Amino acid sequence: MTTDIEWEKWGARDPYFGVLTDPKFRAAALTDAAREEFFAMGRHHVDHVLHIIRCHLEGGFVPTRTLDFGCGVGRLLLPFARLGGEVVGVDISPSMLAEAKRNCDQAGLANVVLAPSDDTLSAVDGDFDLVHTCIVLQHIEIARGLRIFEQLVRRVRPGGGIGAIHITFGWDFHAANLGVPPPPPPPATLPWRARLRAWLREQVRGTAPFRRAPGADPEMQMNFYNLSQLMFMLQRAGVGAVYSELTDHGGALGAFLFFKR
């Protein structure tokens, strides 16, 4: 569970930067103004999610029970909680959850439940009017991410619950191959120097583990999902329509999937 270990390191060392990788959110640089900007971006995100749902899936939608997977320090928990009802935040990092609790307590929000995450969401009970996750699954190994995606869809309340799940599917610099890294040539066709250069290139692009220097940032993987697999899983779960918004986070191309179950 490599990514779990790395995310606890982020939670302990640099939790706000681990959520949004902008230098102003580094622990050593975080000012009151930057912190306010961090949470203002969370409010804007939640407003946008609700706008999309109300315009394309269910007008007047207000969830009474919300799940935020990968809640981090609570950037989105706070605006979700201010809508009312119960809000459940889950995260793999105990340090992130501890910071989220401090932020919720400081905001006076008593309707937030925090729980540790795992691949089966075993600490989460029942289903939800809204199941949400954004810029999270991309950092989880694909095989595990697919299991979690299935669990998240299952937690959407049948008969009208809403899912809002963000995934990534490719890099913009692989445009010639429609976002997908081209398969490497057979090893025998490349001299050892070329194989070494190719290996190093993949480390920099975040598609393979990298041995970091002491004191360096923890690992932050970028993984890309097959949309055909995800659509198959949604259809099997009884989803009849999906509204999507395409995203681009620093060249990592993705889709925010909105659906009613």
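The paragraphs below go through aromatic pairs, charges over rings, one helix pair and one loop residue in a predicted model.

The structure contains 10 aromatic pairs. One of them joins Tyr-16 and Phe-38, whose ring centres are 5.0 Å apart; the planes stand at 70°, so this pair is edge-to-face. The cut-off behind that label is an angle over 60 degrees between the planes. Tyr-16 belongs to helix H2, which covers residues 15-19, while Phe-38 belongs to helix H3, which covers residues 32-56. With their positions 22 residues apart in the chain, the two rings link distant parts of it. Both Tyr-16 and Phe-38 are buried.

Phe-38 also pairs with Phe-25. Here the centres lie 5.4 Å from each other and the planes make an angle of 75°, and this pair too is edge-to-face. Phe-25 sits in the loop between H2 and H3, and Phe-38 in helix H3, so their contact ties together parts of the chain 13 residues apart in sequence. Phe-25 is buried, as is Phe-38. Taken further, ring pairs connect Tyr-16, Phe-25, Phe-38 and Phe-39 into a cluster.

Rings also meet charges in this model. Next in sequence to Phe-25 comes Arg-26, and the charged end of Arg-26 sits over the ring of Phe-17, at 3.7 Å from the ring centre. A second such arrangement involves Arg-65: its charged end sits over the ring of Phe-128, 4.1 Å from the centre.

The next topic is a pair of helices. Helix H6 spans residues 142-154 and helix H8 spans residues 227-236; their axes come within 10 Å and cross at roughly 30°. Angles under 35 degrees count as roughly parallel, and H6 and H8 are therefore described as roughly parallel to each other. The crossing of H6 past H8 is right-handed. On the H6 side, the residues that make the contact are Leu-146, Phe-149, Glu-150 and Val-153. They meet Gln-229, Leu-230, Met-233 and Leu-234 of H8.

The last stop is Ala-176, located in the loop that runs between strand E5 (162-171) and helix H7 (192-204). Its relative accessibility is 85%, which is why Ala-176 counts as exposed; the cut-off for that class is over 50%. By contrast, the paired rings of Tyr-16 and Phe-38 belong to buried residues. Between the C-alpha atoms of Ala-176 and Asp-129 the separation is 40 Å, and these two residues are 47 residues apart along the chain.

How values were computed: Residues are numbered from 1 along each chain as its sequence is written. This is a predicted model: local features need pLDDT of at least 70, side-chain atom pairs count only at pLDDT 80 or more; totals for chains, interfaces and linings use all residues. Side-chain values use heavy atoms; hydrogens and water are left out. Rings of Phe, Tyr and Trp (its six-membered ring) pair if their centres lie within 6.5 Å; planes under 30 degrees apart count as stacked, over 60 as edge-to-face and the rest as tilted. Helices (H or I, at least four residues) and strands (E, at least two) are DSSP runs, numbered from the N terminus. Buried means under 20% relative accessible area, exposed over 50%, partly exposed in between (1.4 Å probe, protein chains only). A charge sits over a ring if NZ of Lys or CZ of Arg is within 6 Å of the ring centre and within 35 degrees of the ring normal. Axes are lines fitted to C-alpha atoms, for helices over the stretch in contact, and angles run from 0 to 180 degrees between N-to-C directions. Angles under 35 degrees count as roughly parallel, over 145 as roughly antiparallel, 65 to 115 as roughly perpendicular and the rest as oblique. A crossing is left-handed if the near helix is turned anticlockwise from the far one by less than a right angle, and right-handed if clockwise. Contact means heavy atoms within 4.5 Å.
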